[in-house]
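Trainee: I would like a close look at one part of this protein, its nonpolar core. Please walk me through it and then place some single residues around it.

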Amino acid sequence: MSDYDPNNIFAKILRGEIPCNKVYEDDFVLAFNDIHPQAPVHILVIPKGSYVSISDFGAKASAEEIKAFFDAVSKIAEEKGLSGDGFRTITNAGLNGGQEVPHFHLHILGGCRLGPMLTKMAA
Ligand code: 5GP
């Protein structure tokens, strides 16, 4: 697994160096709207700690950070009115996962029927 790059775009958002459209924050978690939304609701949930991917987060984060992260996902889904009709969460990891930003993040997508999970098998 690669080392954490402190110059990735989400680290800059966490340091306040670039803006975001914040939807949730607590001691351990920040969530904001995706700049290129793929659904009517598209929110990115990130831990404030420096973790590259979900594997890195699972291996290194404290139980308190992990609980706070998933509690935040549930709260955001509820607050955004997604719990009733449902929603999708995605976390991309590494090259095959298509991860663009190397700071662990969970996409929350909702607000419409999202269709099949994958549109086609990659060649
Ligand atoms: P990934 O492919 O790494 O799972 O997803 C990265 C996501 O970050 C993409 O959906 C992309 O639109 C979003 N993103 C990239 N740069 C920015 C930014 O500067 N601000 C926000 N709010 N989202 C960003």
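Mentor: Here is the overall layout, followed by the core and then four single residues.

This is a predicted model, in which local features need pLDDT of at least 70 and side-chain atom pairs count only at pLDDT 80 or more, while totals for chains, interfaces and linings use all residues. Residues are numbered from 1 along each chain as its sequence is written, and side-chain values use heavy atoms, with hydrogens and water left out.

Start with the layout. The protein has four helices and five strands. Helices here are DSSP runs of H or I with at least four residues, strands are E runs of at least two, and both are numbered from the N terminus. From the N terminus the order is α-β-β-β-α-α-β-α-β. The radius of gyration is 14 Å, close to the 14 Å that the globule rule gives for 123 residues, so the protein is as compact as a globular protein of that length. That radius is taken over C-alpha atoms, and the rule is 2.2 Å times the number of residues to the power 0.38. The C-alpha trace spans about 40 × 35 × 30 Å along its principal axes.

Now the interior. Buried residues make up 36% of the 123 residues. Buried means under 20% relative accessible area, exposed means over 50%, and partly exposed lies in between (1.4 Å probe, protein chains only). In soluble globular proteins, nonpolar side chains tend to be buried together. A nonpolar core is a set of buried Ala, Val, Leu, Ile, Met, Phe, Trp, Tyr and Cys residues joined through side-chain atoms within 4.5 Å.

The largest such core has 20 residues, and Ile43, Val45 and Phe69 touch the most other members. At least two residues each come from β1 (22-25), β2 (29-33), β3 (41-47), α3 (63-79) and β5 (106-110). Helix α3 gives the largest share, six residues. Apart from this core lies another, of seven residues, including Phe10, Phe32, Leu44 and Ile46.

Take Val45 in detail. Setting aside residues up to four places away in sequence, Val45 touches Val29, Leu30, Ala31, Phe69, Val73, Ile76, Phe104, His105, Leu106 and Ile108. Contact means heavy atoms within 4.5 Å. Across the protein, take contacts between residues at least 6 apart in sequence: 52% of them join residues at least 24 apart.

Next, the single residues. Val52 sits in the loop between β3 and α2. Val52 is buried, at 9% relative accessible area. Beyond neighbours within four places in sequence, Val52 contacts Ser2, Asp3, Tyr4, Gln99, Pro102, His103 and Phe104.

Glu25 belongs to strand β1. Its relative accessibility is 40%, so Glu25 counts as partly exposed. Leaving out residues up to four places away in sequence, Glu25 touches Leu30 and Lys48. Glu25 and Ala72 are 47 residues apart in sequence, yet 8.4 Å apart in space, C-alpha to C-alpha.

Two exposed residues complete the set. Ile35 lies in the loop between β2 and β3. Ile35 has 73% relative accessibility, so this residue counts as exposed. Between Ile35 and Asn21 the C-alpha distance is 8.6 Å, with their positions 14 residues apart in sequence terms. Lys60 is in helix α2 (residues 54-60). At 57% relative accessibility, Lys60 also counts as exposed.
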